[in-house]
Amino acid sequence: AKVGGRRGPALNAPQQPNGNRFNGTAYPAARYYTQTEIREVVAFARSMGVMVIPEIDTPAHCAALIAAARAHGVDLGRAELRDPGCVARDPEGQQLRWGAPNCMGGTHGIVLPEPPAVAFLQDVFSEVAGLFPAPYFHLGGDEAGYFRDEAYASPKATELKRQLNLSSSEGLQGYLTD
């Protein structure tokens, strides 16, 4: 969380007084809930009749997770801080010369489900699931289609698909999320 809880500014606000075209939402320090805080939120929600369901976006939209894993010596896959395929425009509609942070408002990342990555994710999922009594755990995955085919066309991913007897990028995503 101390690595993945950091965030850069977003491109969705008018020009700031300092000339910056970002909305100023960059975090000066990592933001995250401690396990104690999560337990308190879950207990309060339960007292209000609300079930809290955890979500960890994977295999895509997870650059923060990939960065955090790398801090622990595990490479989960590809992370990009900018998506050149997205057209970024300033508030006046002028195209910026560099790509937007991404089309969905965060940073791209896609997990390549090699055995060390899968083992790391299973540990993370187990730890997080242990904090929530909900019978559900949401993995996201809906953002993967935006760049999955390109990312999973790499030689490393192609070899992994061959080893797993998978014929498509969707199949490789499903290997991780099913």
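**Note on the α5 region, an aromatic pair and a surface patch**

1. Just after α5, Asn 165 takes a positive phi of about 60 degrees. This value, like those that follow, comes from a predicted model and should be read as such.

2. Helix α5 itself covers residues 155-163, and its buried residues are Ala 157, Leu 160 and Lys 161. Viewed down the axis of α5, these buried residues fall within an arc of 100 degrees, so they line one face of the helix. The other side of α5 carries Pro 155, Arg 162 and Gln 163, which are exposed. Against which elements does the buried set pack? The buried residues of α5 pack against α4, residues 148-151, and against α6, residues 169-177.

3. A search of the whole structure returns 1 aromatic pair. The ring centres of Phe 125 and Phe 137 lie 5.4 Å apart with their planes at 55 degrees, so the pair is classed as tilted; the class is reserved for planes that are neither under 30 degrees apart, as in stacked pairs, nor over 60, as in edge-to-face pairs. The pair links distant parts of the chain, since Phe 125 belongs to helix α3 (residues 115-129) while Phe 137 sits in the loop between α3 and α4, 12 residues apart.

4. How does the accessibility of these two rings' residues compare with the cut-offs for buried and exposed? Phe 125 has a relative accessible area of 15% and is therefore buried, because the limit for that class is under 20%. Phe 137, at 26% relative accessibility, counts as partly exposed.

5. A nonpolar patch of about 340 Å² on the surface is made by Phe 44, Met 48 and Val 50. Of these residues, Val 50 is found in the loop between α1 (35-47) and α2 (63-71). At 46% relative accessibility Val 50 counts as partly exposed, because the exposed class requires over 50%.

6. For the chain as a whole, there are 6 helices and 2 strands, and from the N terminus on the elements run α-α-β-β-α-α-α-α. Buried residues make up 35% of the 178 residues. Of the contacts in the chain with a separation of 6 or more, 63% are between residues 24 or more positions apart. The area exposed by the chain is about 10700 Å², of which carbon and sulfur atoms supply 53%.

Key
Residues are numbered from 1 along each chain as its sequence is written. This is a predicted model: local features need pLDDT of at least 70, side-chain atom pairs count only at pLDDT 80 or more; totals for chains, interfaces and linings use all residues. Side-chain values use heavy atoms; hydrogens and water are left out. Buried means under 20% relative accessible area, exposed over 50%, partly exposed in between (1.4 Å probe, protein chains only). Helices (H or I, at least four residues) and strands (E, at least two) are DSSP runs, numbered from the N terminus. The arc is that of the directions from the helix axis to the C-beta atoms. Contact means heavy atoms within 4.5 Å. Patches are made of residues with over 30% relative accessible area and no salt bridge: like charges are joined within 9 Å, nonpolar side chains (Val, Leu, Ile, Met, Phe, Trp, Tyr) within 5 Å. Accessible areas come from the Shrake-Rupley method with a 1.4 Å probe; for residues, only the protein chains shown count as cover. A salt bridge is a side-chain nitrogen of Lys or Arg within 4 Å of a carboxyl oxygen of Asp or Glu. Rings of Phe, Tyr and Trp (its six-membered ring) pair if their centres lie within 6.5 Å; planes under 30 degrees apart count as stacked, over 60 as edge-to-face and the rest as tilted.
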